[in-house]
Structure formats: structure tokens, C-alpha cells
Amino acid sequence: MSFEATDHTGDYTGQSACGTGAHSPLRDFLRTETGSAAVLVTATLAALVWANAAPSSYESFWQTHLSVRIGSHGVSLHLREWVNSGLMTFFFFVIGLEARREFDMGELRDRKRLALPLAAGVSGMLVPIGIYLAINAGHGTTHGWGAAMSTDTAFALGMLAVVGRRMPPGLRVFILTLTVVDDFLALGVIAVAYSDDISVPALLVAIGTFAVILLLRRLDVRRGAAYAVPALITWVALLESGVDPVVIGLAMGMLTYAYPAARSDLERASGLFRLFREQPTPELERSVRAGLASAISPNERLQRMYHPWVSYAVVPLFALANAGIAVDADQLGRAFTSPITLGILFGYVVGKPLGIVAASLLATAASRGRIRIPVGWGAVTTGGTLAGVGFTVSLLIATLAFDGARLDDAKIGILSAVICSFAVSLLVTTVLRALPRGVQLRALLGKAETIVDLAVPVDPDRDHIRGPRHAAVTVVEYGDYECPYCGQAESVVRELLGDFGDVRYVWRHLPLPDVHVHAQFAAEAAEAAALQGRYWDMHDLLISHQGALRADHLRGYAADLGLDAQRFERDLRAHAGAARVAEDVESADLSIVAGTPTFFVNGRRHHGAYDIASLSAAVRAARERAAVAA
């Protein structure tokens with residue numbers, strides 16, 4: 001039984017394995033952050049228009065009290081405080097989820113790679129703080145240093161989409177990693193430096209309920225409701241204690257496991273679905289839902305649930321509540337002579353890129369090249385200028401540190417830094433585009449080794465290879481002869497090999513017998529043909545006749561190819577190719593491959609669509625990186 005849709009025309013994102021998607025959580029994260037930047041800009045402009053058109057209305061609305069009470073107990077806050085301390089908890093929850101995903105599955109799963117973004121992130125905060133303190137020394141405004149240190153992820157990635165279209169994909173990951181470190185440290189600053197007088201009894205209640213959450217995690221409790229109640233109690237206790245309660249959001253996110261879907265879990269889910277198809281009872285329906293849910297990590301489920309809401313609703317609402325400031329010529333003139341405005345502006349526009357680039361240089365030099373940035377120096381400089389966009393957390397800290405005219409000065413500094421950082425980033429990318437091609441590639445790509453996702457390297461003496469035996473780029477596909485998506489991808493692979501002369505293609509078997517009943521036998525038939533030197537001829541027949549893979553069909557294909565029929569039949573009956581297929585399946589498991597088709601380009605997993613444009617772009621990027629590394 002197959003679970004794929006019957007019409008796959010034009011869809012180059014499908015994948016067999018109980019409907020597992022072809023998009024990675026990181027790509028979805030980046031796509032959402034980039035798209036939400038436009039919504040964030042719109043909300044910021046709306047706040048400015050509202051505050052200037054009707055300033056009294058703007059302030060009175062956000063100063064409205066909202067109380068939530070149960071009996072004699074409850075919480076009463078202004079609407080702005082509900083946004084800043086309540087809804088923003090979900091913002092930091094999503095940041096924590098993404099940080100945990102990077103630690104478990106992303107670039108930071110190689111712990112050696114944590115050193116450089118950690119150093120760059122810390123330096124990218126300390127240098128702006130130092131600039132702010134130097135400008136504000138002696139003015140009684142040094143306590144606002146926290147408003148000059150934190151990068152806004154949505155704005156930075158949104159600006160990268162505009163000015164950095166030709167930047168390497170690694171720059172997006174580098175920026176995201178920096179901002180994760182950035183937000184983590186910024187939240188610590190909020191908790192320590194910008195919390196009110198601490199109420200010890202309330203803080204002890206918060207610590208106690210958080211200990212309950214840790215115990216539930218230790219006991220491997222997987223129901224969200226079991227965590228929601230103590231998390232809510234912790235939030236209220238932190239609010240009463242004087243510690244900004246948004247810290248519980250980051251903590252909960254960091255506690256949420258991330259792991260790829262295991263093939264065994266997917267096979268179990270498909271088995272449960274078959275049982276439900278045969279006997280659709282309420283009990284089996286619950287089992288199917290539980291089986292499907294357990295196949296996907298809690299981290300990915302929660303990100304897909306909350307991240308769009310945070311990016312498209314919570315953060316823009318935060319901007320609407322906090323970015324409004326009545327602006328006139330006199331106020332702008334005063335602001336740009338204010339040490340608060342200038343400290344924030346120069347801290348971001350000068351301090352951020354200086355701190356990030358300097359730390360990257362020092363880390364590389366101090367490690368004698370063992371620690372290298374994942375992109376070239378030109379891309380790092382671009383990342384540093386883009387990191388000079390501070391908005392969400394910066395505004396949050398500004399509202400905690402200042403009020404009145406000083407808060408207005410801080411807001412003007414933050415908004416000015418966004419504009420100036422965009423201009424500087426545009427200038428840097430323009431200069432990079434003007435460089436000679438070879439110099440430009442080295443400046444963008446660098447020479448750092450990339451993480452290899454393919455666990456078992458290609459062996460020309462073992463693997464089935466199409467194209468040059470030794471080529472600059474290797475494309476590996478894990479496929480299933482009965483998978484319709486693999487059949488669709490075949491034409492793309494042929495076009496790819498025709499367009500690029502220095503690409504070799506490797507097929508590795510990953511039959512999914514729980515979904516495609518003839519796939520294992522077809523893979524063994526291809527290996528039986530390989531024993532007679534005709535692997536690729538049989539491969540082409542199998543992939544082009546996916547609906548005809550019974551034993552009589554396979555014998556017919558062997559006859560069409562002129563194979564020794566008796567030997568072919570004998571090898572099939574003896575399962576002579578089963579060991580070779582099992583080796584491919586084991587290598588797929590080691591590479592955490594759960595569905596077909598799954599592509600690797602020079603050892604890196606290819607995420608996203610596998611149409612000719614997407615795969616060609618991946619091949620070109622791999623070829624450029626190989627040329628720089630040569």
C-alpha cells in the first residue's frame with residue numbers, strides 16, 4: 001500500500017516515507033524569519049504613524065490595564081507589559097527551540113564549531129557595550145548599556161534576503177547561530193541587570209516549579225499539558241519575584257529535544273495506519289495519532305506550531321506597542337546630540353561588525369587555523385554589518401532601562417541603527433560584487449571544512465557511479481525503485497549530468513517495504529544484473545517501469561537486456577544482492593536518511609526541492625567551494 005498522492009506532476013518536493021517532508025526545520029525557520037521582516041517593518045511604521053498622528057491615543061491605549069484573576073489571586077498589567085513580559089515569552093521560547101535544534105541537529109552538533117560563534121557573539125556584544133559606555137560616561141545614562149548589544153534575527157535575515165542574494169548559504173546559518181548566542185546572553189542580562197528588587201519567596205517558588213519541569217523531562221513525560229501548568233506557575237512566580245519572566249521561555253525551549261525522524265518510527269507509524277485502515281476504531285485512531293506524533297521530535301512540532309505566530313503576530317505586536325515615538329525636527333536635533341542615541345547608534349553600526357570580525361580573526365589565529373569561520377571574510381564582514389540591526393530585544397531593554405525623553409532618545413538610536421546598518425551592508429555587498437571572480441569566491445566562501453552529512457563516503461570501487469570516476473562534485477541519491485518521487489527525480493538527474501561535465505552520480509538503495517512491497521526485490525534484481533555487468537541498464541528499466549516490478553516483469557527485463565537468464569534467476573532466488581542492498585540501507589541509517597529520494601551533494605544533505613534549478617544551484621555551489629579549497 002502506498003501513501004503518496006496519485007498526481008505528482010510538477011511537484012519536486014515530495015518524499016516517500018509516510019509523507020515526510022523535504023524541508024529542514026532550519027530552512028523553514030529562515031524562510032519564516034525572512035518573510036516576517038516585512039511584517040515587522042510595517043508594524044514599526046504603523047507605530048510611528050499612530051504615535052505622531054494621535055500621541056495621546058497611542059499612550060493611553062497601551063497603558064490600559066488588563067487583569068486576569070482566579071478567585072483572590074491574579075495578575076494585573078498594562079497592555080504593553082502583557083506584550084513585553086507575556087507574549088515575548090513565546091518569542092524567547094522559539095529562540096530556545098532553535099538553539100536546542102542547532103545543538104542537537106544543526107551546525108553546532110559538532111561542538112568544536114561552537115567556539116567561534118560563541119566568541120564572535122560575545123565580542124559582538126562587548127564591543128558595542130564598550131562604545132556605549134565610552135560615549136555615555138559621566139552623563140548618568142550608562143545603565144542603558146544593554147540596549148546597544150542584541151541583534152534582531154528577523155531584521156537581519158530579512159535584510160540579508162535583500163542585500164545578500166549572492167551570499168553563500170552558510171552566512172545565513174552563521175548569522176542565525178550568532179543571534180542564538182546573542183539572545184541567550186541578552187536574556188541573561190535582562191534577568192540579572194534589568195530586573196526589579198528581588199522577592200526571595202517568589203523566586204524560590206519559581207525555582208521549585210522549574211525543578212518539577214526538570215523532573216517531568218527526566219521521566220520522559222511527552223504531554224505538553226504536563227509542562228504547561230508548571231511553566232505558567234513559574235512565569236507568574238518570576239513576575240512576582242521581580243525577575244523578568246521571559247527567561248522561562250528560553251529555558252523551556254532549551255529543554256525541548258530535537259532529533260530526526262527515525263526510519264523505524266516511520267515504519268511503525270505506517271503499520272499503525274494500515275491497521276486503522278483495516279479496522280477504523282477510536283482506539284486505533286488515537287494510536288495512529290500518537291505514533292505519528294512520536295515520529296517527529298517535540299522541538300520540530302513546537303517550532304512549526306509557534307514560530308509563524310511569533311514571527312507574524314507576537315514580534316510585530318511588540319513593535320507596534322514599543323516603537324511609537326512622536327518625532328519632530330527639534331526632537332531629532334536633540335536626540336542626535338544625546339549620548340544615549342549616539343551610544344546605541346555607534347555601538348550597533350561600528351561596534352557590532354568590529355566585534356564579530358575581530359573575534360573571528362583572533363579565534364582563527366589563536367587556534368592556528370584549527371577553528372575556521374564557515375564562510376569567507378567578505379561574508380563575515382557582511383554578517384557583522386547585518387548584525388548591527390538591533391530592534392526587538394534592544395527595545396525591550398530600553399523600556400526597562402529608561403522612560404520619558406531618555407526612552408525616546410533610545411528608540412531613535414535603535415531605529416537609526418537599523419537604517420544605517422542596512423546602508424553599510426548594501427555598501428559592503430556592492431564592493432564584494434565588484435571584485436574579480438576568483439577573489440570574490442575566496443572572499444565569500446573561505447576555506448573552512450564543512451560538516452559532512454554522508455556517513456559512508458563514496459567508494460569508486462564499490463558504489464554504482466554514473467559520470468566521471470573522479471569528479472569535482474558527487475551527487476548521491478538514496479532511492480527506492482517503486483517510489484514515484486524517485487521516478488520523477490530521474491529525469492532531473494539525467495538533465496543535471498548533461499548540463500555539468502564534472503559531476504558524478506551515485507545511486508544507493510533504500511527500499512521501503514512497509515510502503516512499497518516490490519522495492520526490495522527490485523533492488524536485488526538490479527544487483528543481480530550488476531553481477532553480469534549491466535547494473536545501469538537494469539536501473540534505467542526499473543526506474544522507468546515503477547508500476548511493473550513483479551518477478552515476471554523482472555525476468556522480462558533481464559531477457560530484454562540479454563542477460564544469462566538462468567544465472568539471473570539463480571541469483572534472485574539466492575538473494576545474491578541482498579547483502580549489498582543491506583549495506584546501502586545501513587549507510588542510510590548512519591546518515592539519518594528516512595525517506596526517498598534523499599540527495600547529498602559533496603557529502604552535504606540537500607534540503608528543499610529537487611527540481612533542476614535547485615539541484616543545479618547546489619552543484620554550482622559545491623563546485624565553487626571545491627575550486628576554492630583546491
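Is leucine 204 buried or exposed? At 55% relative accessibility, leucine 204 counts as exposed, because the cut-off for that class is over 50%. The model is a predicted one. Leucine 204 sits in helix α7, which spans residues 200–218. Together with Ile198, Val200 and Ile207, Leu204 makes a nonpolar patch on the surface. The patch covers about 380 Å².

From the surface, turn to the interior. The largest nonpolar core holds 98 residues. Five residues have the most contacts inside this core: Phe91, Phe92, Leu171, Ile344 and Phe391. Take isoleucine 344 as a way in. Setting aside neighbours within four places in sequence, isoleucine 344 is in contact with Tyr132, Ala147, Ala148, Ala410, Gly413 and Ile414. A second core, separate from the largest one, has 41 residues. Among them are Phe500, Ala528, Leu541 and Ala558.

One of these residues, Ala528, leads to an acidic residue. Aspartate 571 touches Ala528, along with Leu531 and Ala576, when residues up to four places away in sequence are not counted. Aspartate 571 belongs to helix α23, residues 565–573. With a relative accessible area of 13%, aspartate 571 is buried; the class takes in values under 20%.

Next come the strands. Strand β1 covers residues 65–70. How many of its six residues are buried? The number is zero, so β1 lies largely in the open. Its partner is strand β2, residues 73–78. The two pair in the antiparallel sense, over six bridges. At one of these places, serine 67 has serine 76 of β2 as its bridge partner. β1 and β2 form a hairpin, with two residues between them. Glycine 71 is in the turn, and its phi is positive, about 65°.

Further along the chain is an open sheet of five strands. Their order is β3-β5-β4-β6-β7, and the pairing is mixed. Which strands form the edges? They are β3 and β7, each of which pairs on one side only. Strand β7 covers residues 604–605. β7 runs antiparallel to strand β6, residues 598–601, and two bridges join them. Here phenylalanine 600 stands opposite arginine 605 in β7.

Now look at the charged residues. Side chains of opposite charge can pair when their charged atoms come close. Over the whole structure, a search finds 23 salt bridges. One of them starts from the edge strand β7: arginine 604 pairs with aspartate 453. Their closest N and O atoms are 3.3 Å apart. Arginine 604 lies in β7 and aspartate 453 in the loop between α18 and β3, so the pair ties together parts that are 151 residues apart in sequence. Arginine 604 counts as partly exposed, at 29% relative accessibility. Aspartate 453 is buried, with a relative accessible area of 17%.

Another salt bridge joins aspartate 502 and arginine 623, at 3.4 Å from N to O. This pair also links distant parts of the chain, 121 residues apart. Aspartate 502 is in the loop between α19 (484–499) and β5 (503–509). Arginine 623 is in helix α25, residues 612–629. Both partners count as partly exposed: aspartate 502 at 23% relative accessibility, arginine 623 at 29%.

A third example pairs aspartate 537 with arginine 534. Here the closest N and O atoms are 2.6 Å apart. Aspartate 537 counts as partly exposed at 33% relative accessibility, and arginine 534 does too, at 27%.

Some salt bridges share partners. Through such bridges Arg462, Asp463, Arg508, Glu583 and Asp584 are joined into one network. Where in the chain does aspartate 463 lie? Aspartate 463 is in the loop between α18 (437–445) and β3 (464–466). With a relative accessible area of 7%, aspartate 463 is buried. Leaving aside neighbours within four places in sequence, aspartate 463 is in contact with Pro457, Val458, Val506, Arg508 and Arg580. Aspartate 584, also in the network, is 121 residues from aspartate 463 along the chain. In space, the C-alpha atoms of these two aspartates are separated by 9.4 Å.

How values were computed:
Residues are numbered from 1 along each chain as its sequence is written. This is a predicted model: local features need pLDDT of at least 70, side-chain atom pairs count only at pLDDT 80 or more; totals for chains, interfaces and linings use all residues. Side-chain values use heavy atoms; hydrogens and water are left out. Buried means under 20% relative accessible area, exposed over 50%, partly exposed in between (1.4 Å probe, protein chains only). Helices (H or I, at least four residues) and strands (E, at least two) are DSSP runs, numbered from the N terminus. Two strands pair if DSSP finds at least two bridges between them. A nonpolar core is a set of buried Ala, Val, Leu, Ile, Met, Phe, Trp, Tyr and Cys residues joined through side-chain atoms within 4.5 Å. Contact means heavy atoms within 4.5 Å. Patches are made of residues with over 30% relative accessible area and no salt bridge: like charges are joined within 9 Å, nonpolar side chains (Val, Leu, Ile, Met, Phe, Trp, Tyr) within 5 Å. Accessible areas come from the Shrake-Rupley method with a 1.4 Å probe; for residues, only the protein chains shown count as cover. A salt bridge is a side-chain nitrogen of Lys or Arg within 4 Å of a carboxyl oxygen of Asp or Glu.
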